[in-house]
Amino acid sequence: MFVFTQKRLVKEWPETIKVAEDKGVVSSHDIALDLELIPEDEWIELIKKGHAIAFDRVLLGWHGISDTNGESMEDTAENRAALYQWQPFTLAVIRGYQRAASGEAARKN
C-alpha cells in the first residue's frame with residue numbers, strides 16, 4: 001500500500017553533470033543529490049522566483065563534487081552561490097528534482 005506523507009526526503013539521488021570540452025566533447029560526472037520533495041504548486045512558485053530560491057528550499061546537500069584542490073566541496077552559502085551560477089549544476093539539480101518528484105527511475109544519462 002502507498003503511504004502518502006507531507007514531507008518526502010530523498011537521499012543520494014543519482015544525477016549526472018555534463019561538461020562541455022574542446023571540439024564538441026562532453027564529459028559526464030556522476031553526482032548525488034539530497035532533496036526534499038515539496039508540493040507541486042510550491043515548486044512552481046519557487047522556480048518562477050529563480051532557481052537559487054527554489055534550490056535553497058529543496059536541495060539539502062550533494063555528494064561527488066570536489067573543488068580544484070580535489071577536496072570534497074562542502075555545502076556552504078559560498079559554494080552554493082558558485083554552483084548556482086554554473087549551468088551544468090543547475091540543469092542537473094532541476095533534472096534530478098523532476099525525476100525524483102515524478103517517481104521516474106534514476107538512470108544514467
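The buried residues of helix α3 are covered by elements that include α2, β3 and α4. The model described here is predicted. The points below take helix α3 first, then the aromatic pairs, then the nonpolar core.

**Helix α3**

- Helix α3 spans residues 77–84, and its buried residues are N79, R80, L83 and Y84.
- Viewed down the helix axis, these buried residues fall within an arc of 130 degrees, so they line one face of α3.
- A77 and E78, on the other side of α3, are exposed.
- Y84 has a relative accessible area of 6%; this counts as buried because the cut-off is under 20%.

**Aromatic pairs**

- The structure holds three aromatic pairs, two of which are described here.
- In one of them, W43 and Y97 have ring centres 4.1 Å apart and ring planes at 20 degrees, so the pair is stacked. The label follows because planes under 30 degrees apart count as stacked.
- W43 belongs to helix α1 (residues 40–49) and Y97 to helix α4 (residues 87–102), so this pair ties together parts that are 54 residues apart in sequence.
- Both W43 and Y97 are buried.
- Another pair, F55 and Y84, is edge-to-face, with 5.4 Å from centre to centre and 75 degrees between the planes. Planes over 60 degrees apart count as edge-to-face, which is why this pair has that label.
- F55 sits in helix α2 (residues 51–58) and Y84 in α3, so the pair links distant parts of the chain, 29 residues apart.
- F55 is buried, and its relative accessible area is 0%.

**The largest nonpolar core**

- The largest nonpolar core has 24 residues.
- Within this core, the residues with the most contacts are L33, L35, L59, W62, I65, F89 and Y97.
- Two or more core residues come from each of β1 (8–20), β2 (26–37), α1, α2, β3 (59–63), α3 and α4.
- Helix α4 gives five residues, the largest share of this core.
- In soluble globular proteins, nonpolar side chains tend to be buried together.

**Contacts of L59**

- L59 is one of the residues with the most contacts inside the core.
- Setting aside neighbours within four places in sequence, L59 is in contact with L33, D34, L35, R80, Y84, F89 and V93.
- Among these partners, R80 and Y84 are buried residues of α3.
- Y84 thus appears twice in this briefing as a partner: it pairs with F55, and it is in contact with L59.

Technical notes. Residues numbered from 1 in each chain as written. Predicted model: local features only at pLDDT ≥ 70, side-chain atom pairs only at ≥ 80, totals over all residues. Heavy atoms only, no water. Phe/Tyr/Trp six-rings, centres within 6.5 Å; stacked < 30°, edge-to-face > 60°. Helix = DSSP H or I, 4+ residues; strand = E, 2+ residues; numbered from the N terminus. Buried < 20%, exposed > 50% of the residue type's maximum accessible area, 1.4 Å probe, protein only. Core = buried A, V, L, I, M, F, W, Y, C linked by side-chain atoms within 4.5 Å. Contact = heavy atoms within 4.5 Å. Arc of directions from axis to C-beta.
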